Amino acid sequence: MRGARTVLERRPPAGAADAADADGEPVHYTRSPSDLLRLIIALVVLAIGVALTTGAREVIGGLEHDVLVLFDGLPGALDRFVVGVIQLVAIAAPVAAAITLVALRRWRTLGLAGLALAVAVALYSAIEQAVDRIHPAAHDAAGRASSWVADAAYPGSAYLAGIAAAVTVIAPSLTRRWRRWVWAAVAVVALARVVSGTGLAVDLVAALAAGWAVGLAVLLTFGVRDRRPPLARVRAALDLSGLAVVDLHPATVDARGSTPYFATLADGSRGFVKVVSGDERSADLLFRLYRAVRLEPGSEVAVEIVLRR
């Protein structure tokens, strides 16, 4: 018996999910432990942002004033140009994304992205009203200035929260490279608002965290496409490692923390393959966090958790 442990870290290339569907493999929607772990992180960041704006107003207000003063020396024409470009991107990018999803007939993704956007905008608008922040005078003045589309306050923090939520929902359908580009664009828009004086750093970080959390909550509620690599990718990975596989099929055995397969090699020997994805690692980390919180030091209580996708 020959054993092989394969760790597949890369995401499928563009169109891999569609190719799998074309080959007749059913599409499964699952709840990912990775999304749950990210949701916990997003909620922690959001809680810290709200706590800073409510419990340390003088300190945060002073820092925000210093940032506004730092970028106050930018030429007026450059400032208006930055704000105008941000507004055009804020309008064009969602429209382009919606058109692309319609063209690809990703109706489910489009609907969930729209739902996440609406919920995130409503949630962060409610947070802003509840916190009732006092903004620096320079920030309010910058927001009232005219721009290409509307006043310079557009797009606001609530809008960015909605965009972050929609991007979070759409991201699983994208390749890793496109995900990085999309999130980089969101970060650049947020940074440009800080530089132009129309956005405050703490507000924008909290808004992005709120949108991220809402998007992840939507994914956990409705599920995402199973992120485990398809059988063809597992077989290709074994071939690349120098193992000539003639048969590969799922193994119905208990292999917690991995997806097991039985493989038959060209020389007739059989192998046991364990595929470890990001979801398995996230599930293991959640299990460890749970035990750290629930179990007292030295406790002998046995706890068994089965995290089902």
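The chain folds into eleven helices and six strands, in what is a predicted model. Of its 309 residues, 37% count as buried. Contacts with a separation of 6 or more were also sorted by how far apart the partners sit along the chain, and 74% of them turn out to link residues 24 or more positions apart.

Helix 5 (107-131) makes a handy starting point. Two helices described here pack against it, namely helix 7 and helix 9. Two packed helices are described by the angle between their axes and the distance between the axes. For helix 5 and helix 7, the axes come within 7 Å and cross at roughly 150°. Angles over 145 degrees count as roughly antiparallel, and the two helices are therefore roughly antiparallel to each other. The crossing of helix 5 past helix 7 is right-handed. Plenty of residues take part: on the helix 5 side they include Thr109, Leu112, Ala116, Ala120, Tyr124 and Glu128, and these belong to a set that meets helix 7 residues including Ser157, Ala161, Gly162, Ala165, Val169 and Ile170.

With helix 9 (residues 201-222), the angle is about 140° and the axes lie 9 Å apart. That value makes helix 5 oblique to helix 9. Here too helix 5 passes its partner in a right-handed crossing. Among the helix 5 residues at this contact are Arg108, Leu115, Val119 and Leu123, while the helix 9 side includes Asp203, Ala207, Gly211, Val214, Val218 and Phe222. Leu112, Ala116, Ala120 and Tyr124 of helix 5 appear in the contact with helix 9, and these four residues are also listed in the contact with helix 7. An α-helix has 3.6 residues a turn, so residues three or four places apart point the same way.

Just ahead of helix 5 comes a loop that links it to helix 4 (76-103), and Arg105 is found there. Most residues other than glycine have a negative phi. Arg105 goes the other way, with a positive phi near 60°. Arg105 is exposed, since its relative accessible area is 65% and the cut-off for exposed is over 50%.

Pro155 is another loop residue, placed between helix 6 (137-144) and helix 7 (157-170). Its surroundings are quite another story: with a relative accessible area of 0%, Pro155 is buried. Leaving aside residues up to four places away in sequence, Pro155 touches Ile86, Gln87, Ala90 and Arg193. Gln87 is 68 residues away from Pro155 in sequence, yet their C-alpha atoms are 6.5 Å apart.

Arg193, one of the residues touched by Pro155, is itself one of the buried residues of helix 8, along with Arg179, Val186, Val189, Ala190, Ala192 and Val194. Helix 8 (residues 176-195) also passes a simple length check: at 1.5 Å a residue, its 20 residues should span 28 Å, and the C-alpha atoms at its ends are indeed 28 Å apart.

Turning to the strands, strand 5 pairs with strand 4 and with strand 6. Strand 4 (residues 245-250) runs antiparallel to strand 5, and five bridges join the two. In this pairing, His249 stands opposite Phe262. On the strand 6 side, six bridges connect strand 5 (residues 259-265) with strand 6 (residues 270-276), again in an antiparallel arrangement. Thr259 faces Val275 across that pairing, and Pro260 stands opposite Lys274. Strands 5 and 6 form a hairpin with four residues in between, and Gly268 in the turn has a positive phi of about 95°. Strand 5 is mostly covered, as five of its seven residues are buried. In a regular strand the side chains alternate between the two faces of the sheet.

A last stop is Thr30, part of strand 2 (residues 29-30). Thr30 has a relative accessible area of 9%, which makes it buried. Thr30 and Thr221 are 191 residues apart along the chain, but only 9.5 Å separates their C-alpha atoms.

Terms used:
Residues numbered from 1 in each chain as written. Predicted model: local features only at pLDDT ≥ 70, side-chain atom pairs only at ≥ 80, totals over all residues. Heavy atoms only, no water. Buried < 20%, exposed > 50% of the residue type's maximum accessible area, 1.4 Å probe, protein only. Pairing = 2+ DSSP bridges. Expected span 1.5 Å × (residues − 1). Axes fitted to C-alpha atoms, helices over the stretch in contact; angles between N-to-C directions. Parallel < 35°, antiparallel > 145°, perpendicular 65-115°, else oblique. Left-handed = near helix turned anticlockwise from the far one by under 90°. Contact = heavy atoms within 4.5 Å.
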